[in-house]
Every structure is written in structure tokens, then in C-alpha cells.
Amino acid sequence: MADSFGPVHHPGGSGAPDRGDAAHGDPGDRGSGAPRKEPIRVLVVDDHALFRRGLEIVLAHEEDIQVVGEAGDGAEAVDKAADLLPDIVLMDVRMPKRGGIEACTSIKEVAPSAKIIMLTISDEEADLYDAIKAGATGYLLKEISTDEVATAIRAVADGQSQISPSMASKLLTEFKSMIQRTDDRRLVPAPRLTDRELEVLKLVATGMNNRDIAKELFISENTVKNHVRNILEKLQLHSRMEAVVYAMREKILEIR
């Protein structure tokens, strides 16, 4: 079994892939259901240069996978994605300047055919939910083996979603709990939220954090926190994500 990413163990040598013609693959072969003729073109995004190098070395041994570029933060990743139009973006969640989740949406805008796999040490449910909402197709923890990285890249390139088992378990458990709590309250009228609480909830649903909501509504961040707490208490829920899903189900609010 190959070494896992956490920490990465790098073999010797300079086995980095040749990037000479990286950006000149035939775009007609990408995203189709036909057998892939060109290698899967991957953009690696991580703020640790040693980790990026490790991935390049590992993936260089895969004949059907080609690392066409790398970036050290989310802002650079967006620029590289627009320039290289990769098939897969393999990206960390937590990075300086611009994080991976924030970069997801922009990458989908500049390279719509690119599929994004978050490869991270973050096992926070909130990061998983936000990544999926932002357009990520995969969410893998860096504890996986190097063999599994290549397998995940192939699976996502073929249209599948990939989530680390431990994270998938958390996701399913949360959804089951949400469904159960919704069923238990189905006969109870939906509590009335104030106009301001509805405004806050709608902005929460777009993925904004408390700071951004405060700026948007010209109120203090502490006031936003109070509104979110009141919303959760009124709806008898435990998380921001639950509040958004519940609000849409009960038609308290509709989000396009």
C-alpha cells in the first residue's frame, strides 16, 4: 500500500510530469461519455509546496493522469484554472489569501467543465457542506493513501462523486437527523420569523459568513450572531445548514 498523505513521504528523483504541452490537449475529448483518449488534466492547489510536489511525483506514475499546473492559494488557482482549463482541480480547503471553498465558485465560472476535489485535513462538517454547496464534486481527507488519490481523480473525471467515508457518514447522519426532526414537527405550524431574521436567513443560505452579512445589512457582526441564534431557537434547530433546509422545506423562504 502506498504512503498516505499525512505526512507525505516523497520518493527520490525528479519524477515531475512534463508540462511542455500541458495546455494543448484536445478539448473535444473532455467531459464526453466516450473512452478517454487524452490523460486527465489536473491542477494541484495547496499552500504547501512540498505537498504539491509530492502529489506531482505520485501522479507522474499514472499514465492516464497529467498534472498540468499548480497554485499556492485560491486566488492563483482561479487564474490558473482560467488559463489551463483542467479536467480536475485538486484543492485544499484552508489556504492564505483565498481559501479553497471560496475559490470553488469562481473556478466553476472561469472553467465550467472543471470538476473540483477538495483534498484537505479539515474534517469539519461545515467545510464539507460549504464545499458541496460551492460546487465541489469530491471531498477527501489527506489521510487517504496515494493510490486512492488517483482512483478518486478517475472516478470524478467519469462523473462520480467522491467523499471520504468518515465525512460521508457524518453527512448521512446529519441528514437523517434533519429528516427525523422535520417529521416530528410536521404537524406544528412553522414559527414566524421577523423580516430582519428572514433577511439574515436568506444571506446565510447564499453561503455568507457573519462578517459579510453584517456588511450587507449595515449592522454589527454581533447583531448578526444574535439573529442567527434567534432563528435557530425559533426553529428548534442546531445548525445554519439545518435552518436553510428547513426554511426551504416549509416554504418560509425560497432560494433561486
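**View 1. Burial and secondary structure across the whole chain.** In this predicted model, 43% of the 256 residues of the protein count as buried. The chain contains 10 helices and 6 strands. When contacts between residues at least 6 apart in sequence are considered, 68% of them join residues that are at least 24 apart, and several such pairs appear in the views that follow.

**View 2. The open sheet and its two edges.** The 6 strands form an open sheet with parallel pairing, and across the sheet their order is E2-E1-E3-E4-E5-E6. Strand E2, residues 65–71, and strand E6, residues 162–163, are the edge strands, each of which pairs on one side only. Although E2 stands at an edge, this strand is mostly covered, with 6 of its 7 residues buried.

**View 3. Strands E1 and E2 with the helix that links them.** E1 and E2 are parallel and are joined by 6 bridges, and at one position in this pairing Ile40 stands opposite Ile65 of E2. To pass from E1 to E2 the chain goes through H1, and the resulting β-α-β crossover is right-handed.

**View 4. Strands E3 and E4 with helix H3.** Strand E3, residues 88–91, runs parallel to strand E4, residues 115–120, and 4 bridges join the two. Two residues of E4 can be picked out as bridge partners: Lys115 is the partner of Ile88, and Ile117 is the partner of Leu90. Helix H3, which covers residues 100–110, lies across E3 and E4 and runs at about 170° to E4. Taken together, E3, H3 and E4 make a β-α-β unit that is right-handed.

**View 5. Strands E4 and E5 with helix H4.** On the way from E4 to its partner E5, the pairing is again described by 4 bridges in the parallel sense, and here Met118 stands opposite Tyr139 of E5. Helix H4, residues 125–134, lies across E4, strand E5 (138–141) and E6, and runs at about 150° to E5. E4, H4 and E5 make a right-handed β-α-β unit. Strand E4 itself is mostly covered, since 5 of its 6 residues are buried.

**View 6. The largest nonpolar core and a second, separate one.** In soluble globular proteins, nonpolar side chains tend to be buried together. The largest nonpolar core in this model has 28 residues, and those with the most contacts inside it are Val45, Val89, Met91, Ile107, Ile116, Met118 and Tyr139. The elements that each give two or more residues to this core are strand E1 (40–45), E2, helix H2 (74–84), E3, H3, E4, H4 and E5. A second core, separate from this one, has 20 residues, including Ile65, Ile117, Ala150 and Ala152.

**View 7. The surroundings of Ile107.** Ile107 is one of the residues with the most contacts inside the largest core, and a close-up allows its partners to be followed one by one. When its neighbours within four places in sequence are left aside, Ile107 is in contact with Ala77, Val78, Ala81, Val89, Met91, Pro112 and Ile116.

**View 8. Asp46, a buried residue in a loop.** Asp46 is found in the loop between E1 and helix H1, which covers residues 49–59. Its relative accessible area is 1%, and because a residue counts as buried under 20%, Asp46 is buried. The side chain of Asp46 makes a polar contact, at 2.7 Å, with the side chain of Lys142. A polar atom of the Asp46 side chain also lies 2.8 Å from the backbone nitrogen of His48. Apart from neighbours within four places in sequence, the residues in contact with Asp46 are Phe51, Arg52, Ala71, Gly72, Asp92, Met95 and Lys142. Asp46 and Val93 are 47 residues apart in sequence, yet their C-alpha atoms are 8.5 Å apart in space.

**View 9. Ser166 in helix H6.** Ser166 lies in helix H6, which spans residues 165–184. Its relative accessibility is 35%, and because this value falls between the limits of 20% for buried and 50% for exposed, Ser166 counts as partly exposed. The C-alpha atom of Ser166 is separated by 9.5 Å from that of Leu140, although the two residues are 26 residues apart along the chain.

Definitions and conventions
Residues are numbered from 1 along each chain as its sequence is written. This is a predicted model: local features need pLDDT of at least 70, side-chain atom pairs count only at pLDDT 80 or more; totals for chains, interfaces and linings use all residues. Side-chain values use heavy atoms; hydrogens and water are left out. Two strands pair if DSSP finds at least two bridges between them. Contact means heavy atoms within 4.5 Å. Axes are lines fitted to C-alpha atoms, for helices over the stretch in contact, and angles run from 0 to 180 degrees between N-to-C directions. A nonpolar core is a set of buried Ala, Val, Leu, Ile, Met, Phe, Trp, Tyr and Cys residues joined through side-chain atoms within 4.5 Å. Buried means under 20% relative accessible area, exposed over 50%, partly exposed in between (1.4 Å probe, protein chains only). A polar contact is a pair of N or O atoms within 3.5 Å; within protein, one must be able to donate a hydrogen and the other to accept it, and residues adjacent in sequence count only if both atoms are side-chain atoms. A crossover is right-handed if, with the strands pointing away from the viewer, the path from the first strand over the helix to the second runs clockwise.
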